[in-house]
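Trainee: Hi, could we go through this model together? I'd like to get a feel for it before I head back to the bench.

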Amino acid sequence: ATPGHPAEAFGTPPPPARGGALTAVAKVSADRLALADLVAAAKYGTGEPISDPARERVVLDDVAERSAARGVDRRLATAVFRDQIEASKDVQRGLFARWDRYPSARPTRLPDLAGEVRPRLDRITVRLLDGLAAAERPRGEPACTPRLRADAVREAGERRFDALHAQALLRALPSVCGA
Ligand SMILES: C=C(O[C@@H]1C=C(C(=O)O)C=C[C@H]1O)C(=O)O
């Protein structure tokens, strides 16, 4: 404690440390959301739908199986990934609308959805589940929601996310705290 520092003197708790388990969850979620740009680019102009329920089923089945192996509550894990998926689709819809309107902003490369992008998403699944396992304690604390929101806002700022991605990142996270 710094003698004479008013906050210390009155026992005000210090601000939450950065780099904690919830911060890591926000970072992995931002990594996943950044991939939505590649997903959108892989689908745009191909007739491939933004929403693919069969693929979502594969993702959620994978999550259910892997969560059990890590001791992460299966319903929690599934709820978190449902939010991740909705957030990804928000970004994809936003990008499609942008590209319809501004042809010069359209992607110049057609990424390979099955061969490149989905395998990258699958690797993030593992990281996010590990993150949820590591964040078990802070997830149950009352400060979870405000801390995670603050982490998401900071993460969006550091990555120079636009409003579309920043909103989607907030959309991706509430279920982490059981909301
Ligand atoms: C990311 C994709 O788009 C959507 C979002 C998904 C996800 O976030 O995992 C899965 C299926 C699609 O509904 C995809 O098709 O792979």
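Mentor: Happy to! Let's start in a loop: Arg160 sits between α8 (144-158) and α9 (163-172). Keep in mind that this is a predicted model.

Trainee: Okay, what is the phi of Arg160?

Mentor: Phi of Arg160 is near 55 degrees, so to speak a positive value in a residue other than glycine. For background, most residues other than glycine have a negative phi.

Trainee: And is Arg160 buried or exposed?

Mentor: Arg160 is exposed, because 8 other C-beta atoms lie within 10 Å, and the cut-off for exposed is 12 or fewer.

Trainee: Let's zoom out. How many helices and strands are there in the protein?

Mentor: The protein has nine helices and zero strands. Read from the N terminus, the order is α-α-α-α-α-α-α-α-α.

Trainee: What share of the residues is buried?

Mentor: Buried residues account for 29% of the 179 residues in the protein.

Trainee: And how many of the contacts join residues at least 24 apart?

Mentor: Taking contacts between residues at least 6 apart in sequence, 83% join residues at least 24 apart.

Trainee: Now helix packing. At what angle do α2 and α6 pack?

Mentor: Helix α2 (residues 21-34) packs against helix α6 (residues 113-134) at about 165 degrees, and their axes are 9 Å apart. That makes the two helices roughly antiparallel, because the angle is over 145. The crossing of α2 and α6 is left-handed.

Trainee: Which residues make the contact?

Mentor: From α2 there are Ala21, Ala24, Val25, Val28, Ser29, Asp31 and Arg32. On the α6 side you have Leu121, Ile124, Arg127, Leu128, Gly131, Leu132 and Ala134.

Trainee: How do the residues of that contact divide into nonpolar, polar and charged?

Mentor: In the contact of α2 with α6, nine are nonpolar, two polar and three charged.

Trainee: Switching to the ligand: which residues are around it?

Mentor: Around the ligand you find Val39, Ser51, Asp52, Arg55, Glu56, Val59, Gln84, Ile85, Ser88, Lys89, Arg118 and Leu121. You'll recognise Leu121, which is also among the α6 residues in the contact with α2.

Trainee: Which helices supply at least two residues of that shell?

Mentor: Those are α4 (53-70), α5 (74-101) and α6. The most comes from α5, with four residues.

Trainee: And how does the shell around the ligand divide by residue type?

Mentor: The shell has four nonpolar, three polar and five charged residues.

Methods: Residues numbered from 1 in each chain as written. Predicted model: local features only at pLDDT ≥ 70, side-chain atom pairs only at ≥ 80, totals over all residues. Axes fitted to C-alpha atoms, helices over the stretch in contact; angles between N-to-C directions. Parallel < 35°, antiparallel > 145°, perpendicular 65-115°, else oblique. Left-handed = near helix turned anticlockwise from the far one by under 90°. Contact = placed C-beta atoms within 7 Å. Nonpolar A, V, L, I, M, F, W, Y, C, P; charged D, E, K, R; others polar. Near = placed C-beta within 6 Å. Buried ≥ 20, exposed ≤ 12 C-beta atoms within 10 Å, placed from the backbone.
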